[in-house]
Amino acid sequence: MALAPGERPTLKTIARLSGLAVPTVSRALADAPDIGQDTKQRIRTIAQQIGYRPNRAGVRLRTGRTNVISIVMSTEHDMMNHTARLISAVASALRGTPYHMIITPYFPDEDPMVPIRYIVETGSADGLIINQIEPNDPRVDYLIEHKFPFVTHGRTSACERHAYFDYDNTNYGALAVKALVGRGRKNIAMLAPPQNQTYAQSMIDGATRMAAEHGVQFSVIEAANAHNDNPVIEQAMIPIFQGDDRPDGLIAPSIGGCVTMVSTVEKMGFLLGNDFDMVAKEAITFLRRFRSGILVVEENIDQAGNFLARALMHRISAPDEPPMQALDRPDDTALRVD
């Protein structure tokens, strides 16, 4: 698709090459819901081939938009391992659209409302993706009050009011306990995420109910959570396994938590698959390279990132339509032995 010498690719250029009207091209690039997927893909392909880039200053003057989407995320170490894949998935979903992704970090000792207020008050993005969701999350209330487009990775207690993608951690907790019971384990302990967050509460609830159903003991490790640094988790595990009533089944919500738990217990002389079994959730294939015999449930972060990006673009372009919502429910087929 040749351009005239010195021609800068514009919406008019794409319209000429595609045979479509300029407004249709503009809406297709903005992922408008009334434009068919085939048309969107054709427009994006042409835009990529000719090197089209929107003039962001001009876009903001015309529309008041920045064409910027911000992912607001904590810098906590284990979360960053998890979110690297999420960031990549969101970026892939935005490819070929007019939107540019930025990362807005906040630190564990910082009020998570600070970056939210900054973005809303300065208008430095058109929409937000947020995670580490709490049941009554003040960030969600603030964004709804200010009618600012957003989508959550996780659910609040009033999730019908907003766009979200979530992994069914209630099912994960239940699956983990069921798998351990299937291996004859009767005393199960979980390294949970921070318990103020929705997904931690869901995970614990699912595990508690399944343990009660099978008549086995279940507890949550109280001296550490899955977002703590390795030394904190290690120090929490040691006294648990020094006692007579030590667990014979362990559950972790992440790769990092699993690795620390297994390595700590092994250093104390206990054998994986003999003295204890381990269930863990992972977003990237890693645990089979660490130890064989770990029971693994895979969380599809690519699916999550793709949906979050599409749901946020929908909120920006069609704020009066019902928000997009999805829940990934793992079942018995999601469990594998690495």
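This section describes a parallel sheet, the helix packed on it, and the surroundings of a second helix in a predicted model.

In the predicted model, an open sheet is built from 6 strands, whose order is 2-1-3-4-5-11 and whose pairing is parallel. Its edges are formed by strand 2 (100-106) and strand 11 (325-328), each of which pairs on one side only. On average, and with direction ignored, neighbouring strands of this sheet are turned by 15 degrees against each other. Within the sheet, strand 1 (residues 68-74) is joined to strand 3 (residues 127-130) in the parallel sense over 4 bridges. Ser70 stands opposite Leu128 of strand 3. Helix 13 (residues 301-317) packs on the sheet, where the helix touches strand 1, strand 3, strand 4 (150-153), strand 5 (163-167) and strand 11. The direction of helix 13 makes about 160 degrees with that of strand 4.

Helix 9 (residues 198-214) comprises 17 residues. From its first C-alpha to its last, helix 9 reaches 25 Å, close to the 24 Å expected at 1.5 Å a residue. The buried residues of helix 9 are Thr198, Ala200, Ser202, Met203, Ile204, Gly206, Ala207, Met210 and Ala211. The elements covering these buried residues include two that precede the helix in sequence, helix 8 (169-182) and strand 6 (187-190), together with strand 7 (217-220) and strand 9 (277-282). Just after helix 9, Gly215 adopts a positive phi of about 70 degrees.

Terms used. Residues are numbered from 1 along each chain as its sequence is written. This is a predicted model: local features need pLDDT of at least 70, side-chain atom pairs count only at pLDDT 80 or more; totals for chains, interfaces and linings use all residues. Side-chain values use heavy atoms; hydrogens and water are left out. Two strands pair if DSSP finds at least two bridges between them. Axes are lines fitted to C-alpha atoms, for helices over the stretch in contact, and angles run from 0 to 180 degrees between N-to-C directions. Contact means heavy atoms within 4.5 Å. The expected span of a helix is 1.5 Å times one less than its number of residues. Buried means under 20% relative accessible area, exposed over 50%, partly exposed in between (1.4 Å probe, protein chains only).
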